[in-house]
Amino acid sequence: MHKSYQPQSCYICPLCAASLQLNQSAKNYVCENNHQFDLAKEGYLNLLPVQFKHSAEPGDNKQMMQARREFLEAGHYEPLAKAVSMMIDANHPNHLLDLGCGEGYYSRKIETYCSNPMMLHGVDIAKFAVAAAAKKQPNARFIVASANRLPYADRYFDFVLRVFAPSNDDELKRILKPSGLLLTATPGPRHLWQLKQFIYAEVKEHALENELPQGFERINTQRISYKITPAPEQRIALLQMTPFAWRADPSVQQAIKDAEELEIETDFVLTLAVKLKS
């Protein structure tokens, strides 16, 4: 599936922005100013210096990651993952970045479904998640870093995937090649409608999120809608994956768990955009 070569200057030093090179020992990366970053035993690289952290362990905690893992591994978002993979495969990227990769669910699905060879990269701010991703997918290259300070070389990627992940528009443009592609997955108007009915007195369809970063042009849009029937514990895991989870007090969460055979709509919008040549 993957090409066997190791790019020479994929990473830049998060401290001085000089090129990072793999040491002869193959155990760490070093820049010309002798800043060194060790490869973890799981195979990932931590490029989030302590002075750039806003908390001791930024990103999702272990409990949230466990809940998300159980929900995703149950296959509820498999149709979305397959649609993402098919759109990627049709465009034959060489270097793809899964931005906000978490434990690498979509990266693994891309490896499963895509027939064209590519080098997969993943980045997330949560170290525990990146460690899990690297352990499960040794062919890919995972790092710990912030989306606001991506330690990748300019114009390195020809494809970036962003599934419900925050990003920095300037960084996206910097790391993508001219005519590089950005695939974004966002919630559709009726996404998780039945969960919202437990939380809001009046549920409204929200507008399609079609805003693109400046300097990009939309070339394709696909809407994916289907229904799922997650188990009671999986419903709570799903709820925790949403921005409206904080509005669900314990009584609401209990009502969601207690509901019999709760069928929930999923509604996703995939937007493929091209970086315009400047």
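1. Let's start with the sheet. In this predicted model, eight strands form an open sheet with mixed pairing, and the order runs S4-S7-S6-S5-S8-S9-S11-S10. The two edge positions go to strand S4 (45–46) and S10, and each of them has a single partner strand, so one side of each is left without a neighbour in the sheet.

2. Next, strand S6. How many of the six residues of S6 are buried? Six of the six, across residues 119–124, so the strand is largely enclosed by the rest of the structure. If you want to look at the two faces separately, Met119, His121 and Val123 sit on one side, Leu120, Gly122 and Asp124 sit on the other, and all of these are buried. That split fits the usual pattern: in a regular strand the side chains alternate between the two faces of the sheet.

3. On to the pairing of S6 with S5. Strand S5 (residues 95–99) runs parallel to S6, and the two are joined over five bridges. If you want one pair to click on, take Asp98, whose bridge partner in S6 is Gly122. Gly122 also turns up among the buried residues of S6.

4. A second parallel pair is worth a look. Strand S8 (residues 157–163) and strand S9 (residues 176–187) pair in the parallel sense, with six bridges between them. Here Arg162 has Thr184 of S9 as its bridge partner.

5. Now helix H7. Which residues of helix H7 (residues 232–240) are buried? They are Gln234, Arg235, Ile236, Ala237, Leu238 and Leu239. Their packing partners are a mix of helices and strands: helix H1 (62–73), helix H6 (193–199) and helix H8 (250–258), plus strand S10 (216–228) and strand S11 (264–275). S10, you'll recall, is one of the edge strands of the sheet.

6. Zooming out to the chain, there are eight helices and 11 strands. The radius of gyration is 19 Å, close to the 19 Å that the globule rule gives for 278 residues, so the chain is as compact as a globular protein of that length. Along the principal axes, the C-alpha trace spans about 60 × 40 × 30 Å.

7. Some numbers on burial and contacts. Of the 278 residues in the chain, 50% are buried. Among contacts with a separation of 6 or more, 67% come from residues 24 or more positions apart.

8. Last, surface and charge. The accessible surface comes to about 13,600 Å², and carbon and sulfur atoms account for 48% of that. The chain carries 31 positive and 31 negative charges, and their mean positions are 5 Å apart.

Note on methods: Residues numbered from 1 in each chain as written. Predicted model: local features only at pLDDT ≥ 70, side-chain atom pairs only at ≥ 80, totals over all residues. Heavy atoms only, no water. Helix = DSSP H or I, 4+ residues; strand = E, 2+ residues; numbered from the N terminus. Rg over C-alpha atoms; globule rule 2.2 N^0.38 Å. Buried < 20%, exposed > 50% of the residue type's maximum accessible area, 1.4 Å probe, protein only. Contact = heavy atoms within 4.5 Å. Areas by Shrake-Rupley, 256 points an atom, 1.4 Å probe, with all protein chains shown as cover. Lys, Arg positive; Asp, Glu negative; His and termini not counted. Charge placed at Lys NZ, Arg CZ, Asp CG, Glu CD. Pairing = 2+ DSSP bridges.
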